[in-house]
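Student: I should like a close examination of one part of this model, namely the contact between its chains. Please describe the side that one chain presents to the other, and the sheet to which that side is related.

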Amino acid sequence: MITKDNSPDYEYVSQKGLTREIVEDISRRKGEEKWVLDIRLKALEMYYALSMPTWGPSLEELNIDDIATYVKPASSMKDNWDEVPENIKDTFVKLGIPKAERDYLAGVGAQYDSEVVYHNIKEELLSQGVIYTDFDSALVEYPDLVKQYFTKCVPLTEHKFIALHYAVFSGGSFVYVPRGVHVTMPLQSYFRLNSPESGQFEHTLIIVDEGASLHFIEGCSAPKYNKFNLHAGCVELFVKKGGTLRYSTVENWSKNMFNLNTKKAIVEEDAVMEWVSGSFGSHISMLYPMSILVGDRARTEYTGISFAGEGQNLDTGFKVIHVGKDTNSVVHSRSLSKGGGKTTYRGLVRIMPSATHSSSFVDCDNLMLDDISKSDTIPVSDIRSSDATFSHEAKVGKISDKAIFYLMSRGLMESDAKAMIVRGFASPISKELPLEYAVEMNRLINLELEGEIQ
Amino acid sequence: MKNILTIDNLHASVHDKEIIKGLNLTINSGEVHVIMGPNGAGKSTLSSCILSNKQYVKTAGRITFCGEDITHATTDVIARKGVFLSHQLPEEIEGISVFNFLKTAKSKIDGKNVYSTDFRKELMPIMSSLDMSESVLDRDLNVSFSGGEKKKCEILQLMALRPTLAILDEADSGLDTDAVKAVSKGIEMFRGEDNALLIITHSMKLLQHIPATHVHVFIDGKIVKSGDSRLAEQIDMRGYEGYKGENG
C-alpha cells in the first residue's frame, strides 16, 4: 500500500454531500445525454427513499455529508503511459501496473479517483471486435449496447448504496467480447482512490457473448488518511450461452474505507461464471458477489478470502440463485481475523422450484489468529426444489499452538511460523489468482502479520 | 569428546501440575542416549521442554547446549543453534509443500539462501535411502500422510538439516518392519562423532538397529536408573515394574 499522498492536481472536486445540484453538475461536466442524467436523478430519489441496512456492520460513522462524490484529476484519459501526468503515473508504477501490462495483460484501465486516466488494449483484440474502454466513453461510443444492459443486472432499487452509486457513478470499465472470441490474456482495471474524504463510484459492465471467454482482473487500493472514504462501485456481468467469465479481484483498501461494493452476474445456459476474490483492508466491507444461474446447466464457482485486522469488520459472502435446470454452484470461502478484527461469512443459496437436479456445495473455513478476534458464519439456504443437492460445511478455529511449535522447532521465528500457516491457509485462493496477484496477496499477509510478535 | 547437552535439576509444569521433577542428564558428542519409560511418564514433556514449548513452564533448573544456557531461549533460537526434534505427532500444515517448508527451515538454520535446484538435488539420495518417492516433496506438509510417511518425513528433515543434537520422540511408533528399517538406516547415516542422539521411546524396535551408548529409565518425571544397552534388554524382558518402586 502506498501511504504517501502524491498530491496530484485536481481539476474539480465536488462539494461534499449529495444534492440534486451536485448530481446535475457531475452529469453536465461529463457532457452526458439526458437518458443518463435521468437515471442519475431517479437513483437520487431512490437514495432518499431507501433506508440504511438494518443488518450487518454498523454504518453509523459513515456520513455522506462528509464525502465528496466526484473528484476529477487534472488529466484526461490517455492510451499511452508517457502522457499520463508524472504524479499520477508514479502511483501506478509503484503499484506495478505498467509492467504488468507489458508482461501478461491484454489490456489495462487505470482509474484515479473519479476518472479513468489510462486505457489501452492490444491491437489483435480490437481486430477481433473486443471492446474494452472506460465506462464514460462507452456511454458515448456504444450507447445502444450500453443501454441494452446498463442497470439490467443490478437495478437502482437493489439497496441504498446502489441508488447512491447510480446517482453519482463515474469511471469504471466496459467490456464486450463478441460471440466465440476467446480472450486468452486477462484484461485488468485498476481503481485508485487517492483523495481524502471522497468516494469512488465506478461502474463496470462486462458482456461475454455466446461461446466467448474472458478473464477480467480488478485491483483496488487507496492511501491512508484519517478521514473516512467511501467505495460504492457496481459490477454488472452478463455471461451469455456457453460463455465463460472469470472475475478476479484483489482489494487492498486503506483502513479508513467503507467498502460497500455490489457485484452481480447473470449466467445463461451452459455458461460458467467464476469469482476469485481477495478482500484486504477497509474499515468496513459489505461485499456479497452474486450469480444468478438463469440458464440450464449454468455453473458458478466462488473462491474468496478476507482478512480483518484491528478496527476492521469484513462482512463478505457469496449469493447464488439457481433458476435453470441442472445448475451447479461451488463456494470456497476462507477468512482470517487478528488483533480484534471481525470477519463474517454471510451467504445465500436459493434453489428455485424450476432448478431441478441442481446442486450447491458451500465450504467456509475461518481462522482466528488470537483470542480477541471474531469470526461468524451466517449462511442462509432457501431450497425450494425437492431434488436439489445442497451441502454446507463451516469451520471456525484458532491458529494451532502445536503447529506454531512444530514450525518453530525447525528454526522459524514465531511471526514466520504464523505467516507460513496463514499463507498455507490462503493457498487454495492464492492458487486461483494470477501469479503477480498471488505474490501481492502473500505480501499483504506478511504485512498484516508484521510486527505483531516480539 | 565435547559436551552437547546438560540438563541440571530440571523441573517443569503444565497448568501448575509438575511433570518433570528434578531431571539430570549429560550428553556428549558421539553418544546415543535412550530414554525409556512407560506411557504417561512425561517423556514427551522432556523433549518439548528442551525445545521451550510454551505449553510447559520450567520452574527450576538449567539446560545448556554446547556450553550455552538455552533454558529460556525460544524454540526457533534453540533449533537454529542445532537442536532437532523429531516430533511424536508431526503437525499437518495445509497449503505448504514439504519442499518449501524444508527449504525455509534449511535457510533459517544455515542462515543463508538455499537454492531450489541445488537443494532438491541434495535431497534426492536422502529420499531414496529412506525409500521415499520424490513426489512427497510437492505434497502439503504431513497432510493425509500415513503414520509411517510422517515419521519418514521427520527423518528426511533430520538428514537435510544436520543438527548437532537430534531428539527422536517415538520415532518408531506406528511403523511396520520395513519402515523401521528405513528410519533406522537414516538415523544411522546421520550419527557421527560430532553429533549426538537422544531417543525417547517406549518400545525396543529402533534399538535393534541403533546401538545405544546410554540407557535411562524415566518414571514419574525423573530418571530412576541409568546404564548401558543391557539395561534396555532387561526392561524389554521384565518391564518397568521393578523400577516404579524405586521412585517410591
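Tutor: In this predicted model, the rule finds 4 salt bridges across the interface of chain B and chain A. One pairing of side chains that meets the rule is B:Lys54 with A:Glu414, at 2.8 Å from N to O. Polar contact, with both residues at pLDDT 80 or more, joins 11 residue pairs between the two chains.

On the side of chain B that touches chain A, helix 2 (75–81), strand 6 (83–86), strand 7 (93–97), helix 3 (98–110) and helix 5 (147–161) each supply at least two residues. Helix 3 of chain B gives the most, with 5 residues. By class, this side of chain B has 13 nonpolar, 10 polar and 7 charged residues.

As for extent, 30 residues from chain B and 20 residues from chain A take part in the contact. About 2,000 Å² is buried between chain B and chain A, and carbon and sulfur atoms give 63% of that area. Of the area that chain B buries against chain A, 26% comes from B:His87, B:Glu91 and B:Glu94, more than from any other three residues.

Strand 6 also belongs to an open sheet of 6 strands in chain B, ordered 6-9-10-3-11-12 with mixed pairing. Strand 6 and strand 12 (222–227) of chain B each have a single partner strand, so one side of each is left without a neighbour in the sheet. From one strand to the next, the twist averages 20°. Helix 5 of chain B lies across strand 6 and strand 9 (165–169), running at about 165° to strand 6.

Note on methods
Residues numbered from 1 in each chain as written. Chains lettered and ligands numbered in written order. Predicted model: local features only at pLDDT ≥ 70, side-chain atom pairs only at ≥ 80, totals over all residues. Heavy atoms only, no water. Contact = heavy atoms within 4.5 Å. Buried area = accessible area lost by both parts, 1.4 Å probe. Polar contact = N/O pair within 3.5 Å; in protein donor to acceptor, adjacent residues only side chain to side chain. Helix = DSSP H or I, 4+ residues; strand = E, 2+ residues; numbered from the N terminus. Nonpolar A, V, L, I, M, F, W, Y, C, P; charged D, E, K, R; others polar. Pairing = 2+ DSSP bridges. Axes fitted to C-alpha atoms, helices over the stretch in contact; angles between N-to-C directions.
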